Amino acid sequence: MEYKNKHVLAPMVRVGTLPFRLLAAQYGADITYGEEIIDHKMIKCDRHINEYLGTTDFVERGTENVVFRTCPEERNRVVFQMGTSNAVRALTAAQLVSKDVAAIDINMGCPKSFSISGGMGAALLSKPELIHDIITTLKRNLDNTITCKIRLLKSSEDTVELARRIEKAGVSALAVHGRRVPDRPRDPAKWDEIADVVAALSIPVIANGDVFEYEDFERIKGATCVMVARGALWNASIFSPSKSSWEDVKREYVRQCILWDNDVKSTKHTLKEMIAHYSSLELAEGKAVIKSANTENVAMV
Ligand code: FNR
């Protein structure tokens, strides 16, 4: 995996499934992260080749629940993001997908209580020894690129110190979301504090936060790569210098969801986010999406 001037689709729970990743790539994303998947869940899965769709599916044993779906077309740019608090479990989960993805990323920024109470996500930010253990275990046993994604700590000095320890542990790149754990999404991302990390490290830094237009990719100066979440969720053509209308992108997204048999809960969630941003869930279209019971219903909206 190369990290030079890359535009990156951020990990997004319920959004970053195969159709959305392919959509983003279609508009120009170079690297596409999957939604965070918890190691506990992944290790309950078996790997299946889905001949009908041409995909590789990771299906929860004893169920039909597809936890992760990928295809050869995205093999060289897809990042499998994992939530974990344990090196051995992380490795067991990563080994299952290692042949099918370009990189494995550890989520060290999720502030949700579900993650923190399980010792995952942002809980890792205060456990540098555990971070070291997880990264070195993955590095020693896998051929994949290993990365992680952090948030800012209380001070820029603390963030830089942690980033240096993570670099030493052997990651190939570090994604930095320019907000602290208690910050809300509406709080501005601190690009200057990301720049401090860029200046301190030799490995590529992937800058993340508040990229809403194609021009913003250039405005985060200094970072090797730039990662976008909400800007892409609302309109995935942000990766293209000539933005398409959100209605066109939405139609293309639905088409991809049908093609790749996306989980209807993920399709509905993503569409609702788009509609709520540009229109309203109170209008006919939004109400119809909410009422849809399956992908066919969604396609008729
Ligand atoms: C996220 N984010 C996130 N981060 C992560 O590391 N793993 C994840 O699974 C998710 N899930 C997720 C879902 C949704 C709907 C959103 C909006 C965000 C955080 C995301 O990757 C990113 O760090 C922040 O949203 C900041 O980037 P933007 O939105 O300012 O470009």
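Trainee: Which helices and strands each supply at least two residues of the lining of the second largest pocket?

Mentor: Note first that this is a predicted model. The second largest pocket holds about 660 Å³ of space. Its 26 lining residues include Glu35, Asn65, Val66, Val67 and Asp263, the closest to its centre. The elements that each give at least two lining residues are helix H1 (18–26), strand E3 (37–38), strand E6 (66–70) and helix H11.

Trainee: Which element gives the largest share of the lining of the second largest pocket?

Mentor: Take the classes before the element. The lining has 10 nonpolar, 6 polar and 10 charged residues. The largest share is 4 residues, and these come from E6.

Trainee: What space does the ligand take?

Mentor: Start with the volume of the candidate. About 990 Å³ lies in the largest pocket. Among its 36 lining residues, Pro11, Met12, Pro111, Lys112 and Arg151 are the closest to its centre. The space taken by the ligand is the largest pocket.

Trainee: Which element supplies the largest share of the lining of the largest pocket?

Mentor: Several elements each supply at least two residues. They are helix H4 (113–117), strand E9 (145–152), strand E10 (173–180), strand E12 (225–228), helix H9 (230–234) and helix H11 (264–278). The largest share, 4 residues, comes from H9.

Trainee: How many residues in the lining of the largest pocket are charged?

Mentor: Split the lining by class. Nonpolar residues number 17 and polar residues 9. The charged residues number 10.

Trainee: How many residues surround the ligand?

Mentor: The closest are Gln81, Lys149, Asn208, Asp210 and Arg230. By class, the shell has 6 nonpolar, 5 polar and 5 charged residues. The number of residues around the ligand is 16.

Trainee: How many Å separate a polar side-chain atom of asparagine 208 from an oxygen atom of the ligand?

Mentor: Asn208 is one of the closest residues to the ligand. The pair joins a polar side-chain atom of asparagine 208 to a ligand oxygen. The distance is 2.5 Å.

Trainee: Which residue places a polar backbone atom 3.2 Å from an oxygen atom of the ligand?

Mentor: Set histidine 177 aside. There, an N or O atom of the side chain lies 3.3 Å from a ligand oxygen. The backbone contact at 3.2 Å belongs to glutamate 36.

Trainee: What percentage of the ligand's exposed area does the protein bury?

Mentor: Begin with the ligand taken alone. It exposes 610 Å². Of that area, the protein buries 84%.

Technical notes. Residues numbered from 1 in each chain as written. Predicted model: local features only at pLDDT ≥ 70, side-chain atom pairs only at ≥ 80, totals over all residues. Heavy atoms only, no water. 1 Å grid on protein atoms, 1.4 Å probe; cavity = no way out; pocket = protein on both sides within 12 Å on 5 of 7 lines; lining within 4 Å. Points joined across faces, edges and corners; volume = space filled by probe spheres on them. Nonpolar A, V, L, I, M, F, W, Y, C, P; charged D, E, K, R; others polar. Near = heavy atom within 4 Å. Polar contact = N/O pair within 3.5 Å; in protein donor to acceptor, adjacent residues only side chain to side chain. Areas by Shrake-Rupley, 256 points an atom, 1.4 Å probe, with all protein chains shown as cover. Sits in = over half its atoms within 2 Å of the grid points.
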